[in-house]
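Let's take a friendly walk through a protein model, stopping at a few places worth a closer look. Have your viewer ready.

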Amino acid sequence: MHKGASLPLPPADALSASAALTARIGQAIDDAGGWLGFDRYMALALYAPGLGYYSGGAAKFGRDARDGSDFITAPELSPFFARTLARQFAPLLAQGLTQVLEFGAGTGRLAADLLLALEQEGQLPEHYAIVELSGELRARQQATLAARAPHLAPRVAWLDTLPEHFEGIVVGNEVLDAMPVRLFARSHGRWLERGVARLDNDANADADDANAADAAFVFSDRPLAADALPEALHAVAGDHDIVTETHAEAEGFTRAVGTMLKRGVVFLIDYGFPAAEYYHPQRVGGTLMCHYRHHAHPDPFLYPGLQDITAHVNFSGIAHAAADAGLTVAGFASQARFLMNAGITELLMALDPNDARSFLPAANAVQNCCRRLRWASCSRSSR
Ligand SMILES: C[S@@+](CC[C@H](N)C(=O)[O-])C[C@H]1O[C@@H](n2cnc3c(N)ncnc32)[C@H](O)[C@@H]1O
């Protein structure tokens, strides 16, 4: 039985796209001498042009496996998420921060619902820019805006690179957790970097596609010189065995955003913890997680390109990176607390509670949004 046997089998065209990505990653491993850092593997699995999970044709976002999707995010769960965020944005727009820049806009749902809510508040931004790595998602975002907010779509532009300077509001929902991480394992008191090697599967040469797809790669640990240990891991107390992640890419991204932002506020919304919780001695298995057809599981080698791979965010690292770029942390709270303080309940109560058919699903979706983990925001005033 192959590892993914308890999960729905992908259709044949998806399996052949996954096989093509598997070959591409295999080539990258060979080119690198037989071993690839996990961050490189994750970057290829998620973003290899045309084949990666985010850059290829996977459905990705949706309510359940029947629509071929793998997970759902807060903007997809409920328009009240965007409406609540709009209540935070409106006073900032009124103060003259007239632009919004969204990173990783998914289906475009947050952009459309934010613009509609800001229009209602009488605080439409002059421009709404989106930076999106995936051409496939960019097309989906355009279609969502055309369908949900056609009169506002002309305000939206897609940027291929970060602007040199930006004044305004920056937002990224569940973007940091989609950035590649490095993996490290401490075994018998010694740190190793956990990377990826080919699994020699000659013995499986006659195996079916599904079997070949999930048997191509294995974790492979390499010794790490003491002075090569990332700073964040110095905080891991004790000498017990542990596997964990570091987030150089997300921190570099935060630094780049901070350097770009001349005046404004950044809202980064994601799963994660501060470092003390992230590297707590009891969190021995790390946070790497994969999502395939609404099943969460820990195997990043299953169906490369057909499943999401994610790791929680170390928000202390993000705060330090933001501070390096001159930002100050304006707030850090659970998503539930943030949404409540920003008035999600008041917005919900504007619906008629006696109209069970519309009120109950809306209230359930809001409750689900509030169950999601963390919220961080960083701000800066003009320099
Ligand atoms: C988990 S999805 C979240 C999508 C959307 N924000 C939502 O909440 O539904 C992650 C998104 O981040 C994007 N992404 C990852 N790294 C990025 C980067 N460096 N710049 C812009 N987008 C990025 C992916 O392409 C994808 O659209």
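The paragraphs below visit a sheet, two backbone angles, a residue within a helix and a pair of helices.

Keep in mind as you go that this is a predicted model.

Let's begin with the sheet. Three strands make it up, in the order 13-12-14, with antiparallel pairing, and the sheet is open. Strand 13 (295-297) and strand 14 (308-310) are at the edges, and each has a single partner strand, so one side of each has no neighbour in the sheet. Going from one strand to the next, the twist averages 25 degrees. If you zoom in on strand 12 (residues 289-292), you will find that 3 bridges join it to strand 14, the two running antiparallel. To see one residue pair in this arrangement, look for M289, which stands opposite T310 in strand 14.

Stay in this region for a backbone detail. In the loop between strand 12 and strand 13 sits R293, whose phi is positive, at about 50 degrees, although R293 is not a glycine. Why does that deserve a glance? Most residues other than glycine have a negative phi. A second case is H188, again a residue other than glycine, with a positive phi near 50 degrees. You will find H188 in the loop between strand 6 (182-187) and strand 7 (190-198).

Are these two residues buried or exposed? The cut-offs settle it: buried means under 20% relative accessible area and exposed means over 50%. R293 has a relative accessible area of 18%, so it counts as buried. H188 has 75%, and is therefore exposed.

The next stop is T254, in helix 8 (residues 248-260). With a relative accessible area of 3%, T254 is buried. Which residues does T254 touch, leaving aside its neighbours within four places in sequence? They are L176, I318, A321 and A322.

Finally, turn to helix 5 (residues 109-120) and helix 6 (residues 135-148), which pack with their axes 8 Å apart and at an angle of about 30 degrees. Angles under 35 degrees count as roughly parallel, and the two helices are therefore roughly parallel to each other. The crossing of helix 5 past helix 6 is right-handed. On the helix 5 side, the contact is made by R109, A111, A112, D113, L115 and L116, while helix 6 brings T144, L145 and R148. By character, the residues of this contact are 5 nonpolar, 1 polar and 3 charged.

How values were computed
Residues numbered from 1 in each chain as written. Predicted model: local features only at pLDDT ≥ 70, side-chain atom pairs only at ≥ 80, totals over all residues. Heavy atoms only, no water. Pairing = 2+ DSSP bridges. Helix = DSSP H or I, 4+ residues; strand = E, 2+ residues; numbered from the N terminus. Axes fitted to C-alpha atoms, helices over the stretch in contact; angles between N-to-C directions. Buried < 20%, exposed > 50% of the residue type's maximum accessible area, 1.4 Å probe, protein only. Contact = heavy atoms within 4.5 Å. Parallel < 35°, antiparallel > 145°, perpendicular 65-115°, else oblique. Left-handed = near helix turned anticlockwise from the far one by under 90°. Nonpolar A, V, L, I, M, F, W, Y, C, P; charged D, E, K, R; others polar.
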